[in-house]
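Here are some exercises to work through with the structure open beside you. Try each task yourself before you read the solution under it.

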Amino acid sequence: MMLGINHRTATVELREQMTVSDAALPNALQALSQRFKGCECVILSTCNRTEYYIARESHAEPTAEALRAYVAQQANMPLETLDAAVIVREQDAAATHLFSVAAGLDAMVLGETQVLGQVRRAYDAAARAGTARRVLHTLFQQAIATAKEIHNTTDIGAGRQSVGSVGVEFIRQVFETLHDKTLLCIGAGDVGKVVLQHAMRLTPQRVLLTSRTTDRAASLARQLRLTTDRGGVRPWESLDTLLVEADVVIAATGATQPILTAAQLKPLLRKRRGRPLFILDAAMPRDIDPAVGSLSNVYLYNLDDLRPVVERTLAGRQGELDRCRAQVRGAASVCINQVQHQDIGRLIRALRTRLHDLADDERQRTTRKLSHCVSAEHTRQIEALLDEHTRRLINKVLHLPLSRLDDTDPEAPLGFYAAALRRLFDLDTDQGQEHVERHADPTDPTISPEPGT
Amino acid sequence: MDQPITSIILMAMTAVTLGTSGFAVRGLRRRNPPGTTRAVTVAMTLLVVASAALLGARWWHSGELSQPLHAHVDGLVLIAMLLGLALVFLRWRPRMLTVSAFGLPVLGFLYAWAVCAAAWTYKPFRLDSLTPVWTWLHLIGVYVGTLCFVIGTVAAVAYLYVHRRIKRKDDPAGIGRLPPLESLENLVVRSATVGFAVLSIGLAGGIVTISQQTDAVQANAWMITKYALAGAVWLLYALVINLRFTTSFRGVRAAWLSIAGLALLVATYGLVTALPSRTSGLDATPPPPITAVSADTRDQHGGPRCVS
């Protein structure tokens with residue numbers, strides 16, 4: 001199941017409220033898995049979306065309602081507010097959504113690759129926290145692999161691939177050239193790096209970096225090979241001076257409150273002597289107070305302002321997009337099948353193990369009783385006969401229900417069957433897996449070595 | 001050349017300009033498809049050639065080869081031709097293609113004004129009684145200065161349009177490739193700077209010309225609306241240029257000032273043309289252009305004759 005909001009359904013303010021920062025992510029994952037024991041979860045929180053991916057048994061907790069209530073509580077917002085913007089996807093739809101997100105088909109900038117890295121980091125965080133296990137491992141690994149394949153084999157990401165490349169277009173709308181301009185990047189995170197890399201293609205005269213953590217800024221400066229004669233790292237305390245010097249500002253910090261307000265900037269504009277100032281606020285939550293955009297000679301853009309460009313890109317790539325969507329649907333369907341088959345395979349092994357355990361107990365009891373009546377040699381023969389008899393009986397008993405779980409019927413409610421079997425036979429597939437080798441019958445056609453493949 | 005023929009030609013050119021203007025605006029909305037772009041460029045080039053031909057023909061038919069400009073209509077056609085040339089040049093500059101969509105209506109306005117000047121308010125210049133060098137300096141200075149201000153104003157309108165789009169956060173590629181604000185502001189300021197310098201020379205030529213007139217003419221001349229307006233235009237452009245370097249007269253304000261400057265210049269032309277010669281005191285060669293009518297230069301029918 002997937003539950004979340006994104007740039008299509010929610011305002012910037014709501015997205016800011018729902019954001020789970022990198023620092024808070026492990027705790028959020030732990031809290032979620034504590035609240036709904038037994039479920040797997042990954043939280044994907046980017047500047048454009050916050051989505052909870054949950055894997056759980058059919059009819060188990062959390063239900064969509066329970067998860068909605070939990071998320072609203074965590075984000076400290078009324079449930080009605082969340083309900084107005086939230087989207088919920090289950091089964092194939094949830095998988096297809098994840099695949100689309102990873103491939104950048106659901107991104108604000110169509111085909112962007114930045115979101116793929118964010119999906120990978122969200123998955124890694126969940127894997128480290130132990131909240132991504134069997135199902136989500138498969139799902140996320142397949143989603144990442146499919147996204148890479150789409151980027152490699154289609155032109156969906158050609159041209160304007162990210163917030164950075166679109167931001168550069170807006171810069172070019174204000175300035176003829178950056179050869180005589182100063183570019184200032186506030187923040188040294190991944191988003192800032194990506195946008196800065198694009199902006200540096202316009203070869204600004206100077207590039208200045210500032211961050212609350214000077215080490216990160218210095219590291220970014222080294223990565224971008226910024227020499228001191230072309231700018232370099234400046235202390236955070238000199239931000240006001242830097243804002244007077246800069247012509248283009250890229251704000252991409254992880255601050256939870258705006259770092260620049262209209263009241264702060266207004267006196268600085270006089271010192272700028274009316275020079276235009278372009279500000280690209282690529283942070284979520286926003287770094288720049290929206291009121292800054294109303295100041296004279298200040299041109300402020302945030303992530304939501306990129307939407308028209310995205311729509312134009314979307315219109316231009318409709319054909320390619322359709323092809324990619326079909327590819328994503330196919331890959332997601334295969335992946336869901338694989339996940340379900342893995343589950344069914346494990347379930348069948350567990351069921352067989354359970355039955356064989358029972359049969360073994362009964363056979364031993366029967367053998368013990370017979371040992372008083374017959375010789376040891378006969379006991380071994382009888383034991384072999386009983387063994388064969390039991391195996392045949394179990395196979396015949398299991399044949400019909402297991403054939404119902406056959407994947408050839410697309411309408412078969414596999415999830416329902418699986419959940420019913422688990423509950424009826426009290427099966428724990430994790431434990432069953434440990435004993436599977438002991439009881440696997442190589443002649444049994446209902447078990448394949450690689451279920452679902 | 002007869003004025004009715006000139007008027008008919010100018011009417012045709014006005015119609016072509018307005019049609020081309022419609023094409024250019026449509027091209028702007030449809031992201032400048034190559035066919036439309038080519039058609040607009042060809043039409044503008046033809047207009048420039050036609051303007052030059054008309055000016056040359058009128059000059060040839062006047063029989064006075066030392067005087068290419070014989071009336072205000074010639075001056076307007078000259079400005080229109082040079083503006084058309086400037087717009088064609090800008091079409092080949094990087095990212096300045098769409099400026100012509102803003103310039104063509106102004107070109108149409110100039111041709112329409114020339115129609116009026118040829119058909120209804122035609123007044124030939126009376127140049128024989130004036131010092132030729134200073135008068136020509138005055139005329140050329142005023143007309144070329146006006147041309148620069150027209151170009152600056154076209155750029156200023158484009159600036160305001162682009163500025164509005166940026167503030168509205170519109171897609172930069174939404175309707176054609178618009179020029180960046182910085183380029184437009186540079187064009188506004190450079191046009192104003194050159195126009196200001198040339199206009200100053202033109203006004204100086206006018207002052208020298210007036211100083212050669214009788215004391216009565218001078219005494220009357222310095223009090224009239226025309227000189228006050230000419231001085232106001234000069235002052236306004238001085239502000240546009242010099243106050244650019246202060247904090248509050250850049251960008252949008254500079255663009256509005258440029259538009260206001262041209263509006264004042266056009267008002268000066270209009271008022272000077274409309275006011276009776278006695279009340280306006282335009283009986284000597286004044287600094288800004290056109291229609292200075294002297295009491296002693298009335299034609300044989302008693303009507304006023306334009307001397308500048």
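The exercises below deal with a predicted model, and they go from the sheets to some backbone details and then to the contact between chains.

**Exercise 1. Find the order of the six strands in the open parallel sheet of chain A, and name its edge strands.**

Step 1. Walk across the sheet from one side to the other: the order is β7-β6-β5-β8-β9-β10 in chain A.

Step 2. Look for strands that pair on one side only. These are β7 (231-234) and β10 (298-302) of chain A.

Step 3. Compare the directions of neighbours. On average, neighbouring strands here are turned by 15 degrees against each other, direction ignored.

**Exercise 2. Take the pair β6 and β7 of chain A: how many bridges join them, and which helix lies across both?**

Step 1. Start with β6 (residues 206-210) of chain A, which pairs with β7(A) in the parallel sense over four bridges.

Step 2. Pick out one of the bridges: A:Leu208 has A:Gly232 in β7(A) as its partner.

Step 3. Now add the helix. α10 (residues 214-223) of chain A lies across β6 and β7 of chain A, and runs at about 165 degrees to β7(A).

**Exercise 3. Describe the four-stranded open sheet of chain A, and explain why one side of each edge strand has no neighbour.**

Step 1. Recall the general rule: strands of a sheet pair through backbone hydrogen bonds, either parallel or antiparallel.

Step 2. Read off the order, β2-β3-β1-β4 in chain A, with antiparallel pairing.

Step 3. Go to the edges, where β2 (40-45) and β4 (87-89) of chain A stand. Each has a single partner strand, so one side of each is left without a neighbour in the sheet.

Step 4. Follow β2(A) to its partner: β2(A) and β3 (residues 49-55) of chain A pair in the antiparallel sense over six bridges. In one of them, A:Ser45 is partnered by A:Thr50 of β3(A).

Step 5. Place the helices that pack on this sheet. Helix α3 (residues 64-74) of chain A touches β1 (2-6), β3 and β4 of chain A, with its direction at about 45 degrees to that of β1(A). Helix α7 (residues 134-153) of chain A touches β2 and β3 of chain A, and its direction makes about 40 degrees with that of β2(A).

**Exercise 4. Inspect the backbone at A:Pro285 and A:Asn76: what is notable about the peptide bond of one and the phi of the other?**

Step 1. For A:Pro285, check omega of the bond from A:Met284: omega is near 0 degrees, and the bond is cis. A:Pro285 sits in the loop between β9 (277-281) and β10 of chain A.

Step 2. For A:Asn76, check phi: the value is positive, about 60 degrees, although this residue is not a glycine. Its place is the loop between α3 and α4 (79-83) of chain A.

**Exercise 5. Characterise the contact between chain A and chain B: how many residues take part, and what area is buried?**

Step 1. Count residues: 27 come from chain A and 25 from chain B.

Step 2. Take the area. The two chains bury about 2200 Å² between them, 44% of it on carbon and sulfur atoms.

Step 3. Look for charge pairs. There are two salt bridges across the interface of chain A and chain B; the side chains of A:Lys181 and B:Glu182 meet in a salt bridge at 2.6 Å, N to O.

Step 4. Count polar contacts: twelve residue pairs between chain A and chain B, with both residues at pLDDT 80 or more.

Step 5. Ask which elements of chain A contribute. α8 (163-174), β10 and α13 (307-316) of chain A each supply at least two residues, and the largest share, five residues, comes from α8(A).

Step 6. Sort the chain A side by class: eleven nonpolar, six polar and ten charged residues.

Key: Residues are numbered from 1 along each chain as its sequence is written. Chains are lettered from A and ligands numbered from 1 in the order in which they are written. This is a predicted model: local features need pLDDT of at least 70, side-chain atom pairs count only at pLDDT 80 or more; totals for chains, interfaces and linings use all residues. Side-chain values use heavy atoms; hydrogens and water are left out. Two strands pair if DSSP finds at least two bridges between them. Axes are lines fitted to C-alpha atoms, for helices over the stretch in contact, and angles run from 0 to 180 degrees between N-to-C directions. Contact means heavy atoms within 4.5 Å. Buried area is the accessible area (1.4 Å probe) that two parts lose on being put together, summed over both. A salt bridge is a side-chain nitrogen of Lys or Arg within 4 Å of a carboxyl oxygen of Asp or Glu. A polar contact is a pair of N or O atoms within 3.5 Å; within protein, one must be able to donate a hydrogen and the other to accept it, and residues adjacent in sequence count only if both atoms are side-chain atoms. Ala, Val, Leu, Ile, Met, Phe, Trp, Tyr, Cys and Pro count as nonpolar, Asp, Glu, Lys and Arg as charged, and the others, Gly among them, as polar.
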